[in-house]
Amino acid sequence: MIVLIAVATHIAGVGWSSDSVKMLAVEKCTEDRRALQNGTQKLKILLFGGTGQLGFDLYPELAVLGDVIVPGWHGIPRVDLTDARAVEQMIERAEADIVVNAAAYTAVDKAESDQAVAHAVNAVAPGVMARQVNKSGGVLFHYSTDYVFDGAGQLPHLEEEQPRPLNVYGLTKRGGEIAIQKELARHYIFRTSWVYSPHGKNFPKTMIELARERDSLNIVCDQFGVPTHTRLLAGATAHVIRGLSAGPSNWGLYHLTASGETNWHAFAKYVLEVAAAEGLISRVPHLKAISSAQYPQIAKRPQNSRLSNSKFQNVFGLVLPHWTVEAGHFVQTLAMIKK
Ligand SMILES: NC(=O)c1ccc[n+]([C@@H]2O[C@H](COP(=O)([O-])OP(=O)(O)OC[C@H]3O[C@@H](n4cnc5c(N)ncnc54)[C@H](OP(=O)(O)O)[C@@H]3O)[C@@H](O)[C@H]2O)c1
């Protein structure tokens, strides 16, 4: 079978225009697939959401596995995920072996009043990606959230549990999971929780900023979950991609988080104590533990956001470190950047 492969020129400043795209006719035959499986042919990876917290950390992990195409970087135009045709065209043109979707509408409170856009990005676009990846014979990696659960109980949620989202964000993310499962067998959906990284806006960075300005902070102590560093998610994703060449794959849905559990108050306390030890802040302010009822937010949050990562660890043979290990390293990274 003769197919056309679009090859992007990976030089900063060179655009993804028709001029810079060379169309090569190649025979994408069984031999090619075998070479790919044997690791003798370079992977082509398309990464959506490269500017986000997770996408930014995924890039260096993926770049050592093959050629990575990132819409929005190096002159390649950003693809608006509310535009289904643009998503299809990007996947068609990229002819990637692997599509990684780190993009999402993540503004949990704003989603309550911006339902159409949240639905288009979180529920519709992943289904479009899955359908297109099914046509091209590739594999789709996608991320979802603890907010698909209603937060009942006190035990870590298992993959088999029935999701019951409490808010629009959770509902739309669940929609994305269902759409992918319907369209494509060759997928990995990694549900994660309380994501943070040195880039972008997130809870621990906000706590460090507030600690510089205030003597006292009120922090919710009755929502439980697992803070997860993007570095861990990115490294674990790369590990699973490497395993693809080993033979039959364990497609499906997994909970992928750090180990252990905490609540927002204890998370803040740990981060601020390390930040003080590292000289990022002069002292830890008084941290008052409050209930969710004392801190009303637009979107309802689940009280039990714990996700069990046992299935991921057992299937992929990785040891997912305790959240304090990752959070400590995160604060040290911030301190190093500041020096
Ligand atoms: N953050 C958390 O606490 C958390 C918790 C659980 C699960 N997750 C999941 O983890 C994944 C990564 O989250 P994150 O924190 O890295 O997200 P993030 O930092 O908010 O980044 C979101 C990314 O999505 C892109 N995006 C949003 N709307 C878009 C649109 N209409 N068209 C194209 N791109 C669009 C953004 O690009 P632009 O900047 O160009 O818009 C950005 O690159 C997501 O699937 C999220 O649902 C996150």
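**Exercise 1. Classify the burial of Glu95 and of Trp194, and describe their backbone.**

Solution. In this predicted model, Glu95 has 19 other C-beta atoms within 10 Å and is therefore partly exposed, given that a residue is buried if 20 or more other C-beta atoms lie within 10 Å of its own, exposed if 12 or fewer, and partly exposed in between, with C-beta atoms placed from the backbone. Because the model is predicted, local features need pLDDT of at least 70 and side-chain atom pairs count only at pLDDT 80 or more, whereas totals for chains, interfaces and linings use all residues. Residues are numbered from 1 along each chain as its sequence is written.

Next, locate Glu95: it lies in the loop between α3 and β5 (98–101), where helices (H or I, at least four residues) and strands (E, at least two) are DSSP runs, numbered from the N terminus. The phi of Glu95 is near 45 degrees, a positive value in a residue other than glycine.

Then turn to Trp194, which sits in the loop between β7 (187–192) and β8 (195–196). Trp194 also has a positive phi, of about 45 degrees, although it is not a glycine. With 23 C-beta neighbours inside 10 Å, Trp194 counts as buried.

**Exercise 2. Determine how α3 and α4 are oriented, and which residues form their contact.**

Solution. Begin with the geometry: helix α3 (residues 84–94) and helix α4 (residues 115–136) pack at an angle of about 30 degrees, with their axes 9 Å apart. Axes here are lines fitted to C-alpha atoms, for helices over the stretch in contact, and angles run from 0 to 180 degrees between N-to-C directions. Angles under 35 degrees count as roughly parallel, over 145 as roughly antiparallel, 65 to 115 as roughly perpendicular and the rest as oblique. The helices α3 and α4 are therefore roughly parallel to each other.

The crossing of α3 and α4 is right-handed, a term used if the near helix is turned clockwise from the far one by less than a right angle, with left-handed used if anticlockwise. On the α3 side the contact is made by Ala84, Val87, Glu88, Ile91 and Glu92, and on the α4 side by Val124, Ala125, Val128, Met129, Gln132, Val133 and Ser136; two residues are in contact if their C-beta atoms, placed from the backbone, lie within 7 Å. These contact residues divide into 8 nonpolar, 2 polar and 2 charged, where Ala, Val, Leu, Ile, Met, Phe, Trp, Tyr, Cys and Pro count as nonpolar, Asp, Glu, Lys and Arg as charged, and the others, Gly among them, as polar.

**Exercise 3. Carry out the corresponding analysis for α6 and α8.**

Solution. Helix α6 (residues 203–213) and helix α8 (residues 264–277) pack at an angle of about 60 degrees, with their axes 10 Å apart. That angle makes α6 oblique to α8. The crossing of α6 and α8 is right-handed. From α6, the residues Phe203, Pro204, Met207, Ile208 and Ala211 meet Trp264, Ala268, Val271, Leu272 and Ala275 of α8. The contact of α6 with α8 comprises 10 nonpolar residues, no polar and no charged.

**Exercise 4. Describe α5 and the surroundings of Tyr169.**

Solution. Helix α5 (residues 168–183) has 16 residues and reaches 23 Å from its first C-alpha to its last, close to the 22 Å expected at 1.5 Å a residue, the expected span being 1.5 Å times one less than the number of residues. Its buried residues, among them Val168, Leu171, Ala179 and Ile180, pack against α4, β6 (139–145), β7 and β12 (252–255).

Within helix α5 one finds Tyr169, which is buried, with 26 other C-beta atoms within 10 Å. Not counting residues up to four places away in sequence, Tyr169 touches Val108, Ala111, Ala118, Tyr147 and Ala299. Tyr169 and Tyr147 are 22 residues apart along the chain, and their C-alpha atoms are separated by 7.5 Å.

**Exercise 5. Place Phe56 in the fold and list its contacts.**

Solution. Phe56 belongs to helix α2 (residues 53–63) and is partly exposed, with 19 other C-beta atoms within 10 Å. Leaving aside neighbours within four places in sequence, Phe56 is in contact with Gly50, Thr51, Ser197 and His199. Phe56 and Thr230 are 174 residues apart in sequence and 8.6 Å apart in space, C-alpha to C-alpha. Thr230 is one of the buried residues of α7.
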